[in-house]
Amino acid sequence: MSQLIRLFLEWGPLVIFFVANAKGGIMVATAAFMAAAVVALPIYRKLDGKWPLMPLVTCGFVVVFGGLTLWLNDETFIKVKATIIYLLFAVALAVGVALRRNLLAHVLVGVDLDPDGWRRLTVRWMAFFLVLAGANEVAWRFLTTDQWVAYKSFVVIPLFVLFSMAQVPLILKHQKPEAEAGADSKGGEG
């Protein structure tokens, strides 16, 4: 699957959430987000041949917390969802480091690093998710709903892009040579 299609399927539901919020408010946005997340998964599966781990987990949380938001007419649930997902990802990465399992390799398809590179990259992503969780807690408690949605659009998404780009030097420094990477892909750490 091309990176552009992967990007669209992973970030498309969030963009739909932002647009729907601008047009109809948080409840309409939550329903649209849930629908888009559910529709994206089987498309991803059909094109990639497997279920994508992070989008699958995220979709589950979107459906549960979005459903609670709509059912109880309480926007707190959709706002807290982000904190819980960020914490879940941070904890999963921490467990992976503790167990010496390379969980990021399942997400960063096409990247093959030496063990030190994977560990450093994992710790960085773990810290990033913890910062995002804390920032989301502050944001949803002190901002209006529209301000929180704007924060998610114009702060969190650019932060993801900038943080990802900031990892490129580490990735380049620790990337395995092609011959070694090909040999390890058959039975390497993962």
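Which side chains does a polar contact of 3.0 Å join? The side chains are those of Gln 167 and Arg 124. The legends below describe close-up views of a predicted model.

**View 1. Gln 167 and its polar contact with Arg 124.** Gln 167 sits in the loop between α6 and α7 (168-174). Is Gln 167 buried or exposed? Its relative accessibility is 4%, so Gln 167 counts as buried. Beyond the four nearest places in sequence, Gln 167 touches Leu 121, Arg 124 and Trp 125. Arg 124 therefore appears in two ways: as a residue touched by Gln 167, and as the partner in the 3.0 Å polar contact between side chains. Buried here rests on a cut-off of under 20% relative accessible area.

**View 2. Trp 125 and Phe 129, a tilted aromatic pair, shown after Phe 17 and Trp 148.** The count for the structure comes to 15 aromatic pairs. One of them joins Phe 17 and Trp 148, edge-to-face, with 6.3 Å centre to centre and 80 degrees between the planes. Phe 17 belongs to helix α1 and Trp 148 to helix α6, so this pair ties together parts that are 131 residues apart in sequence. Phe 17 is buried, at 2% relative accessibility. Trp 148 is buried too, at 1%. Trp 125 and Phe 129 make a tilted pair: 5.7 Å centre to centre, with 40 degrees between the planes. These two residues are 4 residues apart in helix α5 (residues 115-142), so about one helical turn separates them. Both Trp 125 and Phe 129 are buried.**View 3. One aromatic cluster.** Which residues form the cluster? They are Trp 11, Tyr 86, Phe 89, Trp 125, Phe 128, Phe 129, Phe 160 and Phe 163. Trp 125 and Phe 129, both buried, are members. Trp 125 is also touched by Gln 167.

**View 4. Leu 159 in helix α6.** Helix α6 covers residues 145-166. Leu 159 has a relative accessible area of 35%, so this residue is partly exposed. Leaving aside residues up to four places away in sequence, Leu 159 touches Phe 128 and Leu 132. Leu 132 is 27 residues from Leu 159 along the chain, and their C-alpha atoms are separated by 9.3 Å. Phe 128 also belongs to the aromatic cluster.

**View 5. Salt bridges in helix α5.** The whole structure holds 5 salt bridges. Arg 120 forms one with Asp 116, and the closest N and O atoms are 2.8 Å apart. Both residues lie in helix α5, 4 residues apart, about one turn of the helix. Arg 120 is partly exposed, with a relative accessible area of 37%. Asp 116 is partly exposed as well, at 28% relative accessibility. A network of salt bridges links Asp 116, Arg 119 and Arg 120. Elsewhere in the helix, Glu 137 forms a salt bridge with Arg 141, with 2.7 Å between the closest N and O atoms. Glu 137 and Arg 141 are 4 residues apart in helix α5, so about one helical turn separates them. Arg 141 is exposed, with a relative accessible area of 52%.

**View 6. Glu 75 and Lys 79, joined by a salt bridge.** The closest N and O atoms of the two residues are 3.0 Å apart. Are the partners buried or exposed? Glu 75 counts as partly exposed, at 26% relative accessibility. Lys 79 counts as buried, at 5%.

**View 7. A nonpolar patch on the surface.** Ile 5, Val 39, Ile 43 and Leu 47 form the patch. Together they have about 330 Å² of accessible area. Which helix gives the most to the patch? Helix α2 (residues 26-48) does, with 3 residues. Val 39 has its place in helix α2. Its relative accessibility is 51%, so Val 39 counts as exposed. The cut-off for exposed is over 50%.

**View 8. Asn 73 and Arg 100, two loop residues with positive phi.** Asn 73 is not a glycine, yet its phi is positive, about 50 degrees. Asn 73 lies in the loop between α3 (53-72) and α4 (76-98). Asn 73 counts as exposed, at 58% relative accessibility. Arg 100 also has a positive phi, near 60 degrees. The place of Arg 100 is in the loop between α4 and α5. At 72% relative accessibility, Arg 100 counts as exposed.

**View 9. Ser 2, before helix α1.** Ser 2 lies in the segment before α1 (3-24). With a relative accessible area of 38%, Ser 2 is partly exposed. Gly 67 is 65 residues from Ser 2 in sequence. In space, the two are 32 Å apart, C-alpha to C-alpha.

Key: Residues numbered from 1 in each chain as written. Predicted model: local features only at pLDDT ≥ 70, side-chain atom pairs only at ≥ 80, totals over all residues. Heavy atoms only, no water. Buried < 20%, exposed > 50% of the residue type's maximum accessible area, 1.4 Å probe, protein only. Contact = heavy atoms within 4.5 Å. Polar contact = N/O pair within 3.5 Å; in protein donor to acceptor, adjacent residues only side chain to side chain. Patch = residues over 30% accessible without salt bridge, like charges linked within 9 Å, V, L, I, M, F, W, Y side chains within 5 Å. Areas by Shrake-Rupley, 256 points an atom, 1.4 Å probe, with all protein chains shown as cover. Salt bridge = Lys/Arg side-chain N within 4 Å of Asp/Glu carboxyl O. Phe/Tyr/Trp six-rings, centres within 6.5 Å; stacked < 30°, edge-to-face > 60°.
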